[in-house]
Amino acid sequence: MICPNCANGNIYGMAVKVSCPICKGTNVLPDGTEYLPETGKRLKEARLSEGLTLRFFCEKYGIDVIERSQREKGFFRKEG
């Protein structure tokens, strides 16, 4: 599946381009990664309903910020 997070393996912002942290610049989702945007949206809405920023939410619950951010964007590692 083509990575929905980037354009040709890169993320463009302001005057810079960086390699996509999801596909590592390949423009293809890695094996073992599922894209579930609706599930990610529900996770983000649940966090926002508590009135917390991503950073404060992760500090409160002891969660890795990068992993939670990817999940809120809909990217999940397949179990097993």
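Is Thr33 buried or exposed? In this predicted model, Thr33 is buried, with a relative accessible area of 19%. Because the cut-off for a buried residue is under 20%, Thr33 falls on the buried side of it. The residue lies in strand 3. Leaving aside residues up to four places away in sequence, Thr33 touches Phe75, Phe76 and Lys78. Thr33 also belongs to the lining of the largest pocket, which makes it a handy starting point for a tour of the model.

A look at the whole chain helps to place these details. The protein has three helices and four strands, and their order along the sequence follows the pattern β-β-β-α-α-α-β. Taken along the principal axes, the box filled by the C-alpha atoms is roughly 40 × 35 × 20 Å. Of the 80 residues in the protein, 26% are buried. Contacts across the sequence can be described too: among those between residues at least 6 apart, 47% join residues at least 24 apart.

Attention now turns to empty space. Rolling a probe the size of a water molecule over the atoms reveals where such space is left. The largest pocket holds about 150 Å³ of it. Its lining consists of Pro21, Ile22, Pro30, Thr33, Glu67, Gln70, Arg71, Phe75, Phe76 and Arg77. Two elements give two or more residues to this lining, namely helix 3 (65-72) and strand 4 (75-77). Sorted by class, the lining has five nonpolar, two polar and three charged residues. Phe75 and Phe76 are thus found both in the pocket lining and among the residues that Thr33 touches.

Phe75 leads on to the aromatic residues. A search of the whole structure finds two aromatic pairs. One of them joins Tyr35 and Phe75, with 5.0 Å from centre to centre and 35° between the planes, a tilted arrangement. Tyr35 lies in strand 3 (residues 33-35) and Phe75 in strand 4, so this pair ties together parts of the chain that are 40 residues apart in sequence. The two partners are set in unlike surroundings: Phe75 is buried, with a relative accessible area of 6%, whereas Tyr35 is partly exposed, at 28%.

The other pair is formed by Phe57 and Tyr61. Their ring centres are 4.8 Å apart and their planes meet at 50°, so this pair is tilted as well. Both residues sit in helix 2 (residues 54-61), and being four residues apart there, they are separated by about one helical turn. An α-helix has 3.6 residues a turn, so residues three or four places apart point the same way. Here, too, a buried ring meets a partly exposed one: Phe57 has a relative accessible area of 7% and is buried, while Tyr61 is partly exposed, with a value of 43%.

Helix 2 itself rewards a closer look. Its buried residues are Leu54, Phe57 and Cys58. These residues cover an arc of only 95° around the axis, which puts them on the same side of helix 2. What do the buried residues of helix 2 pack against? Their packing partners are helix 1 (37-49) and helix 3, the latter being one of the elements that help to line the largest pocket. On the face of helix 2 turned away from its buried side are the exposed residues Arg55, Glu59 and Lys60. Phe57 therefore has two roles in this description, as a member of the buried side of helix 2 and as a partner in the tilted pair with Tyr61. Following helix 2 comes Gly62, which has a positive phi, near 70°.

Backbone angles deserve a final word. Most residues other than glycine have a negative phi. Against that background, two residues in the model invite a check. Asn8 has a positive phi, near 55°, although this residue is not a glycine. Asn8 is placed in the segment before strand 1 (10-13) and is exposed, with a relative accessible area of 63%. Lys24, likewise a residue other than glycine, has a positive phi near 60°. Its place is in the loop between strand 2 (16-19) and strand 3, and at 62% relative accessibility Lys24 counts as exposed.

Conventions
Residues numbered from 1 in each chain as written. Predicted model: local features only at pLDDT ≥ 70, side-chain atom pairs only at ≥ 80, totals over all residues. Heavy atoms only, no water. 1 Å grid on protein atoms, 1.4 Å probe; cavity = no way out; pocket = protein on both sides within 12 Å on 5 of 7 lines; lining within 4 Å. Points joined across faces, edges and corners; volume = space filled by probe spheres on them. Nonpolar A, V, L, I, M, F, W, Y, C, P; charged D, E, K, R; others polar. Phe/Tyr/Trp six-rings, centres within 6.5 Å; stacked < 30°, edge-to-face > 60°. Buried < 20%, exposed > 50% of the residue type's maximum accessible area, 1.4 Å probe, protein only. Contact = heavy atoms within 4.5 Å. Arc of directions from axis to C-beta.
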